[in-house]
Structure formats: C-alpha cells, structure tokens
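Let's take a walk through a protein model together. Have a look at the picture, then read on.

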Amino acid sequence: MTQIVVTLENNADENFLRRMIENMKGVVKTTLTHTSAKQEKAHGVEFMESLHAIKNEIDTSVIDMSDPRTNYIMSK
C-alpha cells in the first residue's frame, strides 16, 4: 500500500477535500490529523538534519564540479 501525505492551509475546507479524495478511484481510506505549528517546526528541523546528514555522506570526488549548475547545487 502507498500513502500520500497532503498538508493543507489553515483556512482550507478539510471536510470537502477529504470527501473529494475519498471518492477518487483507488483510494482505500483517508485519515485527518491536526498538528500544531510547534510540531510542524520540529518535523522541519528533523527533516533538515536528515538532509544535512545525507549531504555530509556525499563523496564529492566522484562529482564533476566543473559544471556551474552542479557547483551551485553542491554549495547549498
């Protein structure tokens, strides 16, 4: 089974969107979860830390840094 997570704006009509998604072919069930801004920030911090960990594991010796686009991406 595959899951898709959708984040809605604060003023979105969550019940309407949920009913629309439930009526789509292939949807088994929907679950509505509310998170606080504090939880979202904590999740964002965890996500960024995991990205930085991945970045630190990259072996740059195998990457052609002569391409300016690659050089720009790797500088971030």
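Start with Arg18 and Glu22, whose side chains meet in a salt bridge, with 3.5 Å from N to O. This is a predicted model, so treat each distance here as a value computed from predicted coordinates. What makes such a pairing possible? Side chains of opposite charge can pair when their charged atoms come close. Here the position along the chain matters: Arg18 and Glu22 are four residues apart in helix H1, so about one helical turn separates them. How open to the surroundings are the two partners? Arg18 is partly exposed, at a relative accessible area of 29%, and Glu22 is partly exposed too, at 36%.

Now bring in a third residue, Thr30. You'll find Thr30 in the loop between H1 and H2. Is Thr30 buried or exposed? With a relative accessibility of 16%, Thr30 counts as buried, because the cut-off for that label is under 20%. Its side chain reaches both members of the pair you just met: there is a polar contact with the side chain of Arg18 at 2.8 Å, and another with the side chain of Glu22, also at 2.8 Å. If you leave out residues up to four places away in sequence, Thr30 touches Arg18, Ile21 and Glu22. So when you find Thr30 on screen, you have a loop residue whose side chain makes polar contacts with Arg18 and with Glu22.

How many salt bridges does the structure hold? There are two. Besides the one between Arg18 and Glu22, Arg69 forms a salt bridge with Asp67, and their closest N and O atoms are 3.4 Å apart. Arg69 counts as exposed at 62% relative accessibility, whereas Asp67 is partly exposed at 22%.

Next, look for open space. The largest pocket has a volume of about 1200 Å³. It is lined by 25 residues, and those closest to its centre are Ile4, Val5, Val6, Thr31 and Leu32. Which element gives the largest share of that lining? H1 does, with four residues.

Finally, how far does the predictor trust its own model? The protein chain has an average pLDDT of 85, and 100% of the residues score at least 70. Confidence is highest in helix H1 (residues 14-22), at a mean of 91, and lowest in helix H2 (residues 37-56), at 81. Keep a general rule in mind for any model like this: where pLDDT is low, the predicted coordinates should not be read in detail.

Methods:
Residues numbered from 1 in each chain as written. Predicted model: local features only at pLDDT ≥ 70, side-chain atom pairs only at ≥ 80, totals over all residues. Heavy atoms only, no water. pLDDT = per-residue confidence, 0-100. Helix = DSSP H or I, 4+ residues; strand = E, 2+ residues; numbered from the N terminus. Salt bridge = Lys/Arg side-chain N within 4 Å of Asp/Glu carboxyl O. Buried < 20%, exposed > 50% of the residue type's maximum accessible area, 1.4 Å probe, protein only. Polar contact = N/O pair within 3.5 Å; in protein donor to acceptor, adjacent residues only side chain to side chain. Contact = heavy atoms within 4.5 Å. 1 Å grid on protein atoms, 1.4 Å probe; cavity = no way out; pocket = protein on both sides within 12 Å on 5 of 7 lines; lining within 4 Å. Points joined across faces, edges and corners; volume = space filled by probe spheres on them.
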